[in-house]
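User: Could you walk me through how to read the main features of this model? I would like the general idea each time, and then the case at hand.

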Amino acid sequence: VQLQASGGGLVQAGGSLRLSCAASGRTFSSYAMGWFRQAPGKDRESVAVISWSGGSTYYADSVKGRFTISRDNAKNTVYLQMNSLKPEDTAVYYCAARQTYLGGSFLLSQIGAFGSWGQGTQVTVSS
């Protein structure tokens with residue numbers, strides 16, 4: 001599956017952004033989807049993951065209550081709604097896909113198991 005992320009930009013602290021990730025292919029619904037981010041000088045980290053059906057979602061503690069991941073399997077698209085943004089949310093955000101019907105918070109920790117990655121979109125939050 002090929003992925004194309006969009007929606008990043010510059011926003012003030014407290015503001016909102018919505019990221020989108022469009023996937024190619026007819027098997028999108030067999031993939032768990034995730035959003036990950038990487039700030040300068042830091043390792044890539046998990047932000048949120050959604051199961052293949054959209055029935056289960058998992059979030060990093062740092063974004064719980066502020067970010068919402070969702071998907072539309074009919075449109076082959078996954079979204080990340082980001083509210084109450086903070087300067088520490090500044091990073092390049094990537095979407096990724098993992099072909100699995102499994103669900104569980106372990107999906108957040110297994111970044112290497114996501115085999116398909118988009119190109120990344122920059123999110124900058126000013127203070």
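Analyst: We will take the sheet, the cores, two loop residues and the salt bridges in turn. The model is predicted, so local features need pLDDT of at least 70 and side-chain atom pairs count only at pLDDT 80 or more, while totals for chains, interfaces and linings use all residues. Residues are numbered from 1 along each chain as its sequence is written, and side-chain values use heavy atoms, with hydrogens and water left out.

User: Happy with that. In what order do the four strands of the open sheet come?

Analyst: The general idea is that strands of a sheet pair through backbone hydrogen bonds, either parallel or antiparallel. Strands here are DSSP runs (E, at least two residues), numbered from the N terminus, and two of them pair if DSSP finds at least two bridges between them. In this structure the order is β1-β3-β8-β7, with antiparallel pairing. The edges are β1 (3–6) and β7 (67–72); each has a single partner strand, so one side of each lacks a neighbour in the sheet. From one strand to the next, the twist averages 15° (axes are lines fitted to C-alpha atoms, and angles run from 0 to 180 degrees between N-to-C directions).

User: How many bridges join β1 to β3?

Analyst: Four bridges, with β3 covering residues 17–23. As an example to look up, Ser 6 has Ser 20 in β3 as its bridge partner.

User: Now the interior. Which residues touch the most other members of the largest nonpolar core?

Analyst: In soluble globular proteins, nonpolar side chains tend to be buried together. A nonpolar core here is a set of buried Ala, Val, Leu, Ile, Met, Phe, Trp, Tyr and Cys residues joined through side-chain atoms within 4.5 Å; buried means under 20% relative accessible area, exposed over 50%, and partly exposed in between, with a 1.4 Å probe and protein chains only. The largest core has 30 residues, and Met 33, Trp 35, Leu 80, Met 82 and Tyr 93 touch the most other members. Among the elements that give two or more residues to this core are β4 (31–38), β8 (77–82) and β9 (91–99). A second, separate core of eight residues includes Ala 32, Ala 96, Leu 107 and Phe 114.

User: What does Leu 80 contact, beyond its neighbours within four places in sequence?

Analyst: Counting contact as heavy atoms within 4.5 Å, the partners of Leu 80 include Leu 17, Leu 19, Trp 35, Val 47, Phe 67, Ile 69 and Tyr 93.

User: Which loop holds Asn 76, and is Asn 76 buried or exposed?

Analyst: Asn 76 sits in the loop between β7 and β8 and is buried, at 17% relative accessible area. Its phi is near 55°, a positive value in a residue other than glycine. Ser 84, in the loop between β8 and β9, also has a positive phi, near 50°, but Ser 84 is partly exposed at 41%.

User: Last one: how many salt bridges are there?

Analyst: With a salt bridge taken as a side-chain nitrogen of Lys or Arg within 4 Å of a carboxyl oxygen of Asp or Glu, the count is four. Arg 37 meets Asp 89 at 2.9 Å, N to O; Arg 37 lies in β4 and Asp 89 in the loop between β8 and β9, so the pair ties together parts 52 residues apart in sequence. Asp 89 is buried, with 0% relative accessibility, and Arg 37 is buried at 5%. Arg 66 also bridges to Asp 89, the closest N and O atoms being 2.7 Å apart. Shared partners join Arg 37, Glu 45, Arg 66 and Asp 89 into one network.
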